[in-house]
Amino acid sequence: MFDEIMEKFEGSPSQQAVIRLLLERGFSVSDEGRVVSGGIEIPNTGIAREIDVDRRVVDSTTDAILADGELRRIFQNISQVPSLMDLAPVLDLTVLSIEVDDPDAGGIVATVTGVVADRGVSIRQTISEDPEFTDEPRLYLVTDQDIPGSLITELRDLSFVRSIELQ
């Protein structure tokens with residue numbers, strides 16, 4: 001789906017940058033063509049500054065979104081999910097980041113969370129990046145417990161795991 005969305009803006013890397021930001025941040029587009037997070041409007045100048053494009057690029061991108069029925073449905077219904085990952089150091093949480101060989105394979109989240117649960121480690125939050133929207137998607141587990149080295153080894157030894165990082 002991500003590739004299909006980006007193809008609609010082929011030939012305009014600046015508009016593709018706007019699209020990528022909207023998707024990454026979970027920002028919606030209102031009926032008036034304003035970028036919003038919930039009911040809060042995000043100024044186009046702020047978006048433009050964030051990705052180093054002209055404000056008019058944001059305007060033309062939101063206009064294009066509203067003019068396309070499929071894009072309109074996507075960007076008027078997207079929402080943001082709060083993440084504990086950035087709060088982990090403040091709340092004394094542990095973040096385990098896992099990169100896999102084939103992110104489209106089935107059962108990855110179930111297998112990883114099953115192994116963690118079998119070891120008695122409680123998971124506070126699981127975030128799985130969508131392979132459609134991210135070049136190198138990762139699975140993140142947030143826990144309020146330390147992760148034993150033996151569990152990290154057990155996860156690393158799963159056939160589909162490419163790398164593991166503790167944050």
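Here is a short chat between a biologist and a modeller about a predicted model.

Biologist: Let's start inside. Which element gives the most residues to the largest nonpolar core?

Modeller: That core has 23 residues, and Ile-19, Leu-22, Val-35, Val-58, Ile-65 and Phe-75 touch the most other members. The elements giving two or more residues to this core are α1 (2-7), α2 (13-25), α3 (44-51), α4 (55-67) and α5 (69-75). The top giver, with 5 residues, is α2.

Biologist: How many residues does the other core have?

Modeller: This other core lies apart from the one we just talked about. Ile-98, Val-100, Leu-155 and Leu-158 are among its members. Its residue count is 16.

Biologist: Back to Phe-75. Leaving aside neighbours within four places in sequence, which residues is Phe-75 in contact with?

Modeller: Phe-75 is one of the residues that touch the most other members of the 23-residue core. Skip the neighbours within four places in sequence, and you get this list of contacts for Phe-75: Ile-5, Ile-19, Leu-22, Leu-23, Phe-27, Ser-28, Val-29 and Ile-65.

Biologist: Now the helices. Is α3 roughly parallel or roughly perpendicular to α4?

Modeller: The axes of α3 and α4 are 8 Å apart, and the packing angle is about 110 degrees. Angles from 65 to 115 degrees count as roughly perpendicular. So, relative to α4, α3 is roughly perpendicular.

Biologist: And is the crossing left-handed or right-handed where α3 passes α4?

Modeller: You can look at the spot where Asn-44, Thr-45, Ile-47 and Ala-48 of α3 meet Arg-55, Val-58 and Asp-59 of α4. By class, this contact has 3 nonpolar, 2 polar and 2 charged residues. As for the way α3 passes α4, the crossing is right-handed.

Biologist: Asp-52 looks a bit odd to me. What is its phi?

Modeller: Asp-52 sits in the loop between α3 and α4. Most residues other than glycine have a negative phi. Asp-52 isn't a glycine, yet its phi is positive, at about 60 degrees.

Biologist: Is Asp-52 buried or exposed?

Modeller: The relative accessible area of Asp-52 is 71%. Anything over 50% counts as exposed. So Asp-52 is exposed.

Biologist: What about Asp-92: what is its relative accessible area?

Modeller: Asp-92 has a positive phi of about 60 degrees too, although it is not a glycine. You'll find Asp-92 in the loop between α6 (88-91) and β4 (94-100). Asp-92 is exposed, and its relative accessible area is 65%.

Conventions. Residues numbered from 1 in each chain as written. Predicted model: local features only at pLDDT ≥ 70, side-chain atom pairs only at ≥ 80, totals over all residues. Heavy atoms only, no water. Core = buried A, V, L, I, M, F, W, Y, C linked by side-chain atoms within 4.5 Å. Buried < 20%, exposed > 50% of the residue type's maximum accessible area, 1.4 Å probe, protein only. Helix = DSSP H or I, 4+ residues; strand = E, 2+ residues; numbered from the N terminus. Contact = heavy atoms within 4.5 Å. Axes fitted to C-alpha atoms, helices over the stretch in contact; angles between N-to-C directions. Parallel < 35°, antiparallel > 145°, perpendicular 65-115°, else oblique. Left-handed = near helix turned anticlockwise from the far one by under 90°. Nonpolar A, V, L, I, M, F, W, Y, C, P; charged D, E, K, R; others polar.
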